[in-house]
Amino acid sequence: MGTGQNLAIFNSTHIAEKLLTDSIHIVHLNRIERVLDYIHSHLEQPLSVAHLAEHSCWSRWQLQRVFLAETGFGIAQYVRQLRLSNAASRLLTSTDRHVDIALACGFKSEISFSRSFKQFFSCSPSKYRQRGKFIGLLMPISKAGKNKNTNKKIAHLIKVHVETKPEFKFIGLSTSINGIFSISPDFSSQVPSLWQQLNTLTHPFHPNGKTCFGILDVAGATEHTDKMTYWAGYNKEDAVELDEINLEHILIPKQLYAVINFVGPIAQLPDTLDWFIHHWLPESDYDGIEAFDIEYYGPNFDLYSSKTAMQYWVPIKHR
């Protein structure tokens with residue numbers, strides 16, 4: 001058998017295996033999505049793994065394994081954190097008593113609620129209410145469906161949480177771009193060029209290994225062209241060594257954000273943001289506002305990885 005035939009057989013086998021793997025992954029997502037829907041609609045009720053397994057095709061052990069693989073959470077961990085996040089939101093948006101919030105959110109007593117709350121938020125319910133800031137709220141995990149505009153499917157689960165980010169000083173460089181939803185977007189060429197300029201300018205000061213940010217002034221976008229200012233840079237407190245460079249300084253005010261935890265090829269980010277705007281936001285308890293959008297890139301961010309990880313912070317307000 002010739003090399004060409006071997007290669008053809010290898011390629012066809014590889015494609016078949018990939019199609020089978022992808023189809024199994026999508027089936028898992030569809031079934032996990034049903035489990036998630038059940039959890040979200042019965043959150044105030046007792047939710048044991050055995051009970052949830054009855055609403056899936058898996059045994060308890062299989063369900064826990066698949067749930068962890070697809071969401072990154074154990075089932076009990078996810079249910080507890082979602083209940084605590086709902087309780088935290090009610091602490092800041094109502095005057096209900098702690099015991100009433102605890103029972104309404106699925107806890108058996110105020111004591112068990114307070115203990116779990118302190119473990120998760122590192123403060124008591126009273127202290128959280130006193131601070132008056134939405135911090136660390138886990139939102140229900142959603143499956144991104146078909147992109148409304150491009151008809152592409154995003155076959156993964158997306159984690160969103162709500163958090164208040166304090167005011168911070170930012171240093172970096174800026175440029176004018178046409179945004180993702182512009183008629184003629186140019187961010188894919190303008191933004192990498194700006195980051196390259198910043199890296200060249202800051203390289204002698206060794207800022208590698210620091211968290212960096214992309215800032216979009218959505219409030220300043222022009223009405224008809226979607227032209228806005230984009231900054232690339234750092235939190236000033238984390239990069240004091242860059243004070244010697246002639247960089248731009250801006251103050252990012254305190255703001256409530258929906259934080260999209262993105263994992264995947266960076267080329268899918270626009271589709272994920274489109275899904276967030278068309279699906280997640282309308283179905284949530286929040287409204288989007290025009291302020292500063294923030295891109296959060298950790299020290300290990302890899303632009304070329306198929307599983308690159310970053311966060312996109314969208315400014316919101318409670319509805």
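Which residues is Thr211 in contact with, leaving aside its neighbours within four places in sequence?

**Entry 1: Thr211**

I opened the notebook with that question, and a reminder to myself that this is a predicted model. Leaving aside neighbours within four places in sequence, I found Thr211 in contact with Tyr234, Tyr296, Tyr297, Gly298 and Pro299. I placed Thr211 in the loop between α8 and β5. Is Thr211 buried or exposed? I looked up its relative accessibility and got 18%, so Thr211 counts as buried, the cut-off being under 20%.

**Entry 2: Lys210 and its partner**

One step back along the chain I looked at Lys210. Its side chain meets that of Glu241 in a salt bridge, at 3.6 Å from N to O. This pair links distant parts of the chain, with the two residues 31 apart. Lys210 sits in the loop between α8 (187-202) and β5 (212-217), while Glu241 sits in the loop between β6 (227-235) and β7 (248-252). I noted Lys210 as partly exposed, at 26% relative accessibility, and Glu241 as partly exposed too, at 25%.

**Entry 3: other charged pairs**

How many salt bridges does the structure hold? I counted four. As a general reminder, side chains of opposite charge can pair when their charged atoms come close.

Besides the pair above, I wrote down these two:

- Arg90 forms a salt bridge with Asp96, and their closest N and O atoms are 3.0 Å apart. Arg90 is partly exposed at 29% relative accessible area, and Asp96 is partly exposed at 28%.
- Asp243 forms a salt bridge with Lys236, with 3.4 Å between the closest N and O atoms. Asp243 is partly exposed at 42%, and Lys236 is partly exposed at 23%.

**Entry 4: the chain as a whole**

Next I stepped back for an overview. The chain has nine helices and 11 strands. Of its 319 residues, 40% count as buried. The accessible surface comes to about 17400 Å², and 53% of that belongs to carbon and sulfur atoms. I also checked the contacts between residues at least 6 apart in sequence, and 71% of them join residues at least 24 apart.

**Entry 5: the cores**

In soluble globular proteins, nonpolar side chains tend to be buried together. With that in mind I went looking for nonpolar cores.

The largest nonpolar core has 52 residues. Those with the most contacts inside this core are Phe117, Tyr230, Phe276, Trp280 and Tyr286. Which helix gives the most to this core? I found that α9 (residues 269-283) does, with six residues. Where does the core lie with respect to the domains? Both domain 1 (15-147) and domain 2 (159-318) give residues to this core, so it lies between them.

Apart from this core lies another, of 22 residues, among them Leu36, Trp58, Leu138 and Ile141.

I then followed Tyr286 in more detail. Not counting residues up to four places away in sequence, Tyr286 touches a long list, including Ser89, Phe134, Leu137, Met139, Val162, Leu256 and Trp280. Leu281 and Ile316 are also among its contacts, as are Lys317, His318 and Arg319.

**Entry 6: cysteines**

How many disulfides does a search of the whole structure find? My search gave zero. I looked up two cysteines anyway. Cys123 counts as buried at 5% relative accessibility, and Cys212 is buried with a relative accessible area of 15%.

**Entry 7: Ser122**

Right before Cys123 I stopped at Ser122, in the loop between α6 (110-121) and α7. Is Ser122 buried or exposed? It is exposed, with a relative accessible area of 63%. I also looked up its backbone: phi of Ser122 is near 60 degrees, a positive value in a residue other than glycine. Most residues other than glycine have a negative phi.

**Entry 8: Gly136**

My last stop was Gly136, in the loop between α7 (125-131) and β1 (137-138). Gly136 is partly exposed, with a relative accessible area of 24%. Which residues does Gly136 touch, not counting residues up to four places away in sequence? I noted Ser85, Phe120, Phe121, Val162 and Glu163. I also took a distance to Ala88, which is 48 residues from Gly136 along the chain: their C-alpha atoms are separated by 9.2 Å. Val162 was already in my notes, as a contact of Tyr286.

Technical notes
Residues are numbered from 1 along each chain as its sequence is written. This is a predicted model: local features need pLDDT of at least 70, side-chain atom pairs count only at pLDDT 80 or more; totals for chains, interfaces and linings use all residues. Side-chain values use heavy atoms; hydrogens and water are left out. Helices (H or I, at least four residues) and strands (E, at least two) are DSSP runs, numbered from the N terminus. Buried means under 20% relative accessible area, exposed over 50%, partly exposed in between (1.4 Å probe, protein chains only). Contact means heavy atoms within 4.5 Å. Accessible areas come from the Shrake-Rupley method with a 1.4 Å probe; for residues, only the protein chains shown count as cover. A nonpolar core is a set of buried Ala, Val, Leu, Ile, Met, Phe, Trp, Tyr and Cys residues joined through side-chain atoms within 4.5 Å. Domain bounds come from an automatic or database domain assignment. A disulfide is a pair of cysteine sulfur atoms within 2.5 Å.
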